[in-house]
Amino acid sequence: MVEKIDLQAEKAEEVNPGIHIESLEKHPELKELLDKVDFDTLRDILKEIADRSGVNTERLNFIDPKRIYHLQSQLKLQAAYSGKRRAIFINNVEIDDAADKFGFSRELGLVHALCHEEVHATSKNECRSISRENKLIEEVTIGYLAHRTTWAEPINIKEKEEIFYSLFNEGVTEKLAQEVFAEYLRRTGGAGSEAAKQILKTYKENPAAASKYWEASALVDFLVEKISEKCALEKQRVWQAFVEGMYKGGALEDEEVKNGFDEIIGSGMLKKISTAKLSDIQVWMELLG
Ligand SMILES: [Zn+2]
């Protein structure tokens, strides 16, 4: 959910007048809800995943509550993570709406949104700016997502924006976020509660309630299945490799990996997936099916 807001707050408000970011102090109802979240348990779970993926967890980019802000946006985002600001933004109005619509608690809706954004934060993160011929090129890597923006200097006008693997990254992130969420409920004793059972049931029966990226997760499921079948590997192993790639980074730039995908899902399909948008997903599913 990062692509639309991955800018400095001031710039974000300038470029997208519909976005408004404020400290939690001005939103006591959201602060109160966040105070109920067990961030230590959430951090432990994400640390274990990063550890299993073979990355150094000493400097895990886990976002503490002090780097969480309130977001108001016309984009209907529930939450967003910015790699450049190392911050999470929460739109509690959207979270409350989803909770009301699908009949689960606001607190659990918030925890699920946090699980998704913390997966983005703890996966491979890299930000750099390069100045070249009066242009500023910003490159942001978040998991599988590569986001490149070219700004014309000195007037700072956005000239070009390229986004790769956004859909694939969201699919892997959301699938993993649901695992993190279920584990959080188990460890905090919430899994046995009626509210927790209800939210997990809702997600299963109505995946659109869990995330606007549920179709991207379905694409990832499909790829896991296909690779597992063709390579005679257990699905869990393939899935673990996808998670590892998101934490270690660079996996899809590897020629061997690219060739492997080409062989399994068809030549050039990975390249097509790299630029696919959420609105294209049905087309991809049909093409791959
Ligand atoms: Zn996201």
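Select Ser82 in this predicted model: its bridge partner in S4 is Ala87. Widen the selection to strand S4 (residues 87-90) and to S3, and 4 bridges appear between the two, which run antiparallel. As a general point, the strands of a sheet pair through backbone hydrogen bonds, in either a parallel or an antiparallel manner.

Next, display the whole sheet. It is open, consists of 4 strands in the order S1-S2-S4-S3, and has mixed pairing. Strand S1 (20-22) and strand S3 (79-82) occupy the edges; each has a single partner strand, so one side of each lacks a neighbour in the sheet. On average, neighbouring strands are turned by 30 degrees against each other, direction ignored.

Keep S3 and S4 visible and add helix H5. This helix lies across both strands and runs at about 15 degrees to S3.

From here, proceed to the helix pair H5 and H6. Select residues 106-122 for H5 and residues 166-187 for H6; their axes come within 8 Å and cross at roughly 125 degrees. That angle makes H5 oblique to H6, because it falls outside the 65 to 115 range for roughly perpendicular and is not over 145, the bound for roughly antiparallel. The crossing of H5 past H6 is right-handed. To inspect the contact, show Val111, His112, Cys115, His116, Val119 and His120 on the H5 side, together with Thr173, Glu174, Leu176, Ala177, Val180, Phe181 and Tyr184 on the H6 side. Coloured by class, the residues of this contact comprise 8 nonpolar, 4 polar and 1 charged.

Retain H6 and add helix H8 (residues 214-231). The axes of H6 and H8 come within 7 Å and cross at roughly 90 degrees, and the two helices are therefore roughly perpendicular to each other. In this contact, Leu167, Glu170, Gly171, Val172, Glu174 and Lys175 of H6 meet Trp214, Ala216, Ser217, Leu219 and Val220 of H8. The class count here is 6 nonpolar, 2 polar and 3 charged residues. Glu174 of H6 may be highlighted in both views, since it belongs to the contact with H5 and to the contact with H8.

The last stop is Val238, located in helix H9 (residues 235-248). Val238 counts as partly exposed because it has 17 C-beta neighbours inside 10 Å. Leaving aside residues up to four places away in sequence, Val238 touches Val224, Ile227, Ser228 and Leu233. To finish, draw a distance from the C-alpha atom of Val238 to that of Ile95: the two residues are 143 residues apart along the chain, and the separation is 32 Å.

Key:
Residues numbered from 1 in each chain as written. Predicted model: local features only at pLDDT ≥ 70, side-chain atom pairs only at ≥ 80, totals over all residues. Axes fitted to C-alpha atoms, helices over the stretch in contact; angles between N-to-C directions. Parallel < 35°, antiparallel > 145°, perpendicular 65-115°, else oblique. Left-handed = near helix turned anticlockwise from the far one by under 90°. Contact = placed C-beta atoms within 7 Å. Nonpolar A, V, L, I, M, F, W, Y, C, P; charged D, E, K, R; others polar. Pairing = 2+ DSSP bridges. Buried ≥ 20, exposed ≤ 12 C-beta atoms within 10 Å, placed from the backbone.
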